[in-house]
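Thanks for taking a look at this one with me. Here are my notes, as numbered points, to read with the model open beside you.

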Amino acid sequence: MEQTKFVLPESELPRRWYNVRADMPNPMQPILHPGTGQPVGPDDLAPLFPMELIAQEVSDEAEIAIPEEVLELYALWRPTPLYRAHRLEQAVGTRSRIFYKYEGVSPAGSHKPNTAVAQAFYNKREGRSRLATETGAGQWGSALALACKLLGLECKVYMVRVSYDQKPFRRLLIETWGASVVASPSEDTQSGRAVLTERPDSPGSLGIAISEAVEDAAGREDTAYSLGSVLGHVLLHQTVIGQEAIKQMEQAGAFPDLVVGCFGGGSNFAGLAFPFLREKLAGRDVDFLACEPAACPTLTRGHFAYDFGDTGMLTPLVPMHTLGHDFVPAPIHAGGLRYHGAAPLVSQLVRDGLIRAEAYLQNDVFASAVQFAGSEGIVPAPESAHAVHGALQAARAADDAGVERTILFNLSGHGHFDMAAYDNYLAGKLVDLALDDAELERALRATEGLPAVA
Ligand SMILES: Cc1ncc(COP(=O)(O)O)c(C=O)c1O
């Protein structure tokens, strides 16, 4: 019998995070202060983040040691398993080998706690007692609530309105771990009230919720802001995924020629991909595919430009693929992929041709998710289902071309709190939503007049 599951002992937990900045062929462009147009410095960021995270954001060291306390918390769910999807391969009749790294075994059910515990740890060590954050699907909010609970911090979560309504159990999970949660846009902040005045029935977006959380943190000494994706330090913390996967692929006697991840802000994708990218830059042959929704096609149709990370224009200017900071994506079920921007590190690598992206419609994505669940058992989170679909598309294309590939994808979370989405899909009620050209053109105008990228 061929082996299905590749597991590592706790002693094999990675001791260092991998920092892709050290190896990138072209450096990422600096993040700018919107007032001065100059690169932001530590003092600009200090009201929002602890110094250690600011240092990680700009570090050029290839490896950064993981504190012992963080390793102890990682040991609650890491190392996570890597699977060979034998049954899926058989079901679709592909000649390719398909592997997946499963991050849904964390207490919150996704990869998000990998950075949540690290961020909570550094904030606590530097004297903060409360964190404010946004959440799209509720995965990040629950991960940070868990981390704050484990480390004894208070936590306030601004949860995008559609998810708050669609996912009451995610909200309850956040509350079970002791955090407080409000629907965003909310009455609790100026930016939330401004959106509600213009559009009382706003479904919310990550961009709006970020404005609320940033405003909350900037207004209180005891509070820092915590972001679940996009920033360099978040991607850095996620690289434990890819480092473990390299060892597990070795156990399987294989190395991928394609690494796939779904793409919201970029953290699960980068977490798996960057350690393999290090191998590529050292001469190995491997391609990378980021999978996004057609309703929010940031990498495939967005412009590479300086833009605000949030709708309220409170954040610094970030060099990234963007659809425009006031873009509100259609309420697809993959709430965690509804973000107008992208991680600047991934954006630069897309620009350099090292990473490719594709965008999919949600009915196709759910069809692949149901096929995966029927073969492998695990019900994917709607976000992760984009990676399942991307991997299956790649396997089909390889079969059509008469080649065999070794495909590895990140199954970033389970969908146990997303069954309403599956209900809609199974009942044939899911609407395919692709961004239309007129709305894209309108939304992109929001970046006009901002500094130009080099
Ligand atoms: C399970 C899961 N996967 C992926 C994402 C997308 O985020 P990122 O692109 O940062 O991995 C989310 C976001 O909420 C998520 O919950």
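1. Start at the ligand, where the side chain of Ser267 brings an N or O atom to 2.7 Å from a ligand oxygen atom. Please keep in mind from here on that this is a predicted model. Asn268 also places a polar side-chain atom 2.7 Å from an oxygen atom of the ligand, and for Ser229 the corresponding distance is 2.5 Å. How much of the ligand does the protein bury? Taken alone, the ligand exposes 390 Å², and 98% of that is buried by the protein.

2. Now look around the ligand a little more widely. There are 19 residues around it, and those that come nearest are Ser229, Gly264, Ser267, Asn268 and Ser412.

3. Next comes the sheet. It is an open one made of seven strands, with mixed pairing, and the order is β1-β4-β5-β15-β10-β11-β14. Which strands stand at the edges? They are β1 (5-6) and β14 (356-360); each has a single partner strand, so one side of each has no neighbour in the sheet. As background, strands of a sheet pair through backbone hydrogen bonds, and they do this either parallel or antiparallel.

4. Strand β5 deserves a visit of its own. It covers residues 97-102, and five of its six residues are buried, so the strand is largely enclosed by the rest of the structure. With strand β4 (residues 82-84), β5 pairs in the antiparallel sense over three bridges, and here Tyr83 stands opposite Tyr100. With β15, β5 runs parallel, and six bridges join the two. In that pairing, Tyr102 has Leu411 of β15 as its bridge partner.

5. Elsewhere in the sheet, strand β10 (residues 258-262) and strand β11 (residues 287-293) run parallel and are joined by five bridges. A handy pair to find there is Cys262, which stands opposite Cys291 in β11.

6. Aromatic rings are another good thread to follow, with a count of twelve aromatic pairs. One of them joins Phe366 and Tyr422: the ring centres are 5.1 Å apart and the planes stand at 75°, so the pair is edge-to-face. Phe366 belongs to helix α16 (residues 362-376) and Tyr422 to helix α18 (residues 419-426), so this pair ties together parts that are 56 residues apart in sequence. Are Phe366 and Tyr422 buried or exposed? Both Phe366 and Tyr422 are buried.

7. Helix α16 also contributes Phe372, which forms an edge-to-face pair with Phe409, at 6.0 Å centre to centre and 70° between the planes. Phe409 is in strand β15 (residues 406-411), and the two residues, 37 apart along the chain, link distant parts of it. Phe372 and Phe409 are both buried. The ring pairs then bring us back to the sheet, as they link Phe372 and Phe409 with Tyr83 and Tyr100 into a cluster.

8. Two rings have a charge for company. Arg171 has its charged end over the ring of Tyr164, 4.7 Å from the ring centre. For Arg284, the charged end sits over the ring of Phe255, 3.7 Å from the centre.

9. Please also check Glu244, in helix α12 (residues 240-251). Glu244 has a relative accessible area of 1% and is buried. Which side chain does Glu244 contact? Its side chain makes a polar contact of 2.7 Å with that of Lys101.

10. I would finish with two residues and their distances to other parts of the chain. Val7, in the loop between β1 and β2 (16-18), is partly exposed, with a relative accessible area of 48%. Val7 and Gln248 are 241 residues apart in sequence, but their C-alpha atoms are 6.9 Å apart in space. Ala443 lies in helix α19 (residues 437-444) and is buried, at 0% relative accessibility. From Ala443 to Ala75, 368 residues apart along the chain, the C-alpha separation is 43 Å.

Technical notes
Residues numbered from 1 in each chain as written. Predicted model: local features only at pLDDT ≥ 70, side-chain atom pairs only at ≥ 80, totals over all residues. Heavy atoms only, no water. Phe/Tyr/Trp six-rings, centres within 6.5 Å; stacked < 30°, edge-to-face > 60°. Helix = DSSP H or I, 4+ residues; strand = E, 2+ residues; numbered from the N terminus. Buried < 20%, exposed > 50% of the residue type's maximum accessible area, 1.4 Å probe, protein only. Lys NZ or Arg CZ within 6 Å of the ring centre and 35° of its normal. Near = heavy atom within 4 Å. Polar contact = N/O pair within 3.5 Å; in protein donor to acceptor, adjacent residues only side chain to side chain. Areas by Shrake-Rupley, 256 points an atom, 1.4 Å probe, with all protein chains shown as cover. Pairing = 2+ DSSP bridges.
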